[in-house]
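User: Please take one part of this structure and go through it closely, step by step. I am new to it, so explain each term when you use it.

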Amino acid sequence: MTEPTVETSDDDLRRRALARTPGGVHSNVRLAGPKVFIDRAKGAWMWGVDGTDYVDYLLGQGPNFLGHAPDVVLSAVERACRRGMVYGGQHALEVEASELVCEALGWAEMVRFGVSGTESVQAALRLARAVTGRTKVIRFEGHYHGWLDNVLLGQRDDAWGVASAGQLPHHHDDFVLVPWNDPAAVEAAIGDDVAAVIMEPIMINAGVIEPAPGYLERVRELCDARGVVLIFDEVISGFRLGLAGAAGRYGVVPDLATYGKALAGGWPVSALAGRADLMAGFGTGEVNHSGTFNASVMTMAATVATIRSLRDDPPYARIADHGTALMTGIRELGARHGVALHVQGLPAAFHVSFGEQDATDHRSLRRLGLDRYTKFAEALVAHGVWVAGRGVWYVSASHGPAELDATLARFDQTLTDWL
Ligand SMILES: Cc1ncc(COP(=O)(O)O)c(C=O)c1O
């Protein structure tokens with residue numbers, strides 16, 4: 001067998017991609033991304049087919065938390081795959097991965113694995129509705145929970161609704177949308193018909209906004225008082241803010257939580273974790289959760305290797321150092337160039353904009369000059385710093401002093417050329 005031919009020109013690859021793939025991309029999120037093709041990636045770096053190197057702060061939208069192609073994960077997957085990939089039966093690695101997830105989280109007693117955050121969110125919503133016998137779900141402006149009909153939300157002017165042609169609007173009738181970080185809004189919306197409250201416990205997907213002091217605690221209390229299932233969507237924050245994610249950082253425990261991205265060192269793994277009494281519904285067969293590729297051998301090997309690595313050689317202090325220095329460096333460069341560059345969030349995940357003050361919810365986030373930043377992000381990519389247009393930066397365990405120097409020098413040059 002011959003290796004597939006890989007063209008080495010962006011133009012040629014783009015022409016071929018556009019001929020065979022709508023928009024030339026396989027996820028609509030990438031329609032707005034840089035129009036270059038990546039040849040390879042390792043650690044904190046990616047290289048384009050034209051040889052350009054990029055310091056990566058997108059991390060594949062988050063999964064490469066250990067850096068690209070981490071040896072510890074690669075060798076575990078390679079070893080495991082030689083014994084088969086998908087059994088359609090149970091195996092020891094999935095048991096170990098389940099134990100490791102529950103131990104890492106501390107509060108969760110059981111877990112079910114999937115392959116994408118989107119589907120684990122669906123499993124959580126179905127389970128919450130099954131155990132409560134109720135249908136309504138409270139959710140929050142600007143929080144992302146996947147691309148399926150019932151959760152995908154778009155905003156035009158100030159009205160929220162479907163985000164895609166073909167999306168069934170009536171699914172949204174079962175959701176109550178309220179502003180986040182506002183306990184009174186939850187209190188007003190929560191009633192005896194509500195099955196669940198679902199939120200990103202730290203809002204990261206659209207921008208990086210921490211929960212106000214006492215907010216998560218108050219939502220927890222309201223859920224307890226009304227018998228409502230509290231779901232934390234930790235697809236971004238899980239394993240990134242610490243082994244126990246946002247629940248661990250803020251000390252508020254949900255009933256169910258979803259994970260993905262940083263969980264498996266770049267492999268497609270998601271998880272729904274939760275209280276045993278709730279999760280039991282899947283075990284009796286009363287509540288359906290299925291999937292051909294769930295807990296495949298390679299994804300479980302990747303999960304075990306990733307969690308062991310995060311547990312035994314925690315990168316969190318290093319990431320905090322790098323992220324803090326980077327946030328400070330960006331602010332200083334803004335001041336030196338006389339441009340209001342606003343940085344908010346945590347060292348592992350922060351948000352850069354041309355705003356003047358911290359956003360506290362999605363409404364204030366929209367006032368941060370995001371369109372201007374999106375253009376600036378394109379210039380950053382052209383200067384070799386790979387970032388998302390929406391302003392979110394992720395730091396990995398592989399970012400060190402060399403990457404910090406390279407990033408700040410490139411950022412500096414971008415500002416010089418751009419202003
Ligand atoms: C908070 C949150 N939930 C769910 C998802 C959906 O995950 P996936 O893209 O793996 O389906 C995402 C993806 O970005 C996310 O950020």
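Analyst:
**A sheet, its helices and the ligand**

Helix H6 (residues 215-226) lies across E5, E9 and E10, and runs at about 165 degrees to E9. Helices (H or I, at least four residues) and strands (E, at least two) are DSSP runs, numbered from the N terminus. Lying across a strand rests on contact, meaning heavy atoms within 4.5 Å. The angles run from 0 to 180 degrees between N-to-C directions, with axes fitted to C-alpha atoms, for helices over the stretch in contact.

The model is predicted, with local features needing pLDDT of at least 70 and side-chain atom pairs counting only at pLDDT 80 or more, while totals for chains, interfaces and linings use all residues. Residues are numbered from 1 along each chain as its sequence is written, and side-chain values use heavy atoms, with hydrogens and water left out.

The strands under H6 belong to an open sheet of seven strands, in the order E4-E12-E11-E10-E9-E5-E8, with mixed pairing. Two strands pair if DSSP finds at least two bridges between them. Strand E4 (110-114) and strand E8 (175-178) form the edges, each pairing on one side only. On average, neighbouring strands are turned by 20 degrees against each other, direction ignored.

Within the sheet, strand E5 (residues 136-140) and strand E9 (residues 194-199) are parallel partners, with three bridges. One residue of this pairing is Val137, whose bridge partner in E9 is Ala196.

A second helix, H4 (residues 117-132), lies across E4, E5, E8, E9, strand E10 (229-233), strand E11 (256-259) and strand E12 (270-274). H4 runs at about 25 degrees to E12.

The ligand comes next. The residues around the ligand, each with a heavy atom within 4 Å of it, include Ser116, Gly117, Thr118, Tyr144, Glu200, Asn205, Asp233 and Lys261. This shell divides into three nonpolar, six polar and three charged residues. In that count Ala, Val, Leu, Ile, Met, Phe, Trp, Tyr, Cys and Pro are nonpolar, Asp, Glu, Lys and Arg are charged, and the others, Gly among them, are polar.

Some ligand oxygen atoms have listed distances to the protein. One is 2.5 Å from an N or O atom in the side chain of Thr118. For the side chain of Asn205, an N or O atom is 2.8 Å from a ligand oxygen. A polar backbone atom of Gly117 is 2.9 Å from a ligand oxygen. The protein covers 83% of the 390 Å² of accessible area that the ligand has on its own, by the Shrake-Rupley method with a 1.4 Å probe.

Terms used:
Polar contact = N/O pair within 3.5 Å; in protein donor to acceptor, adjacent residues only side chain to side chain.
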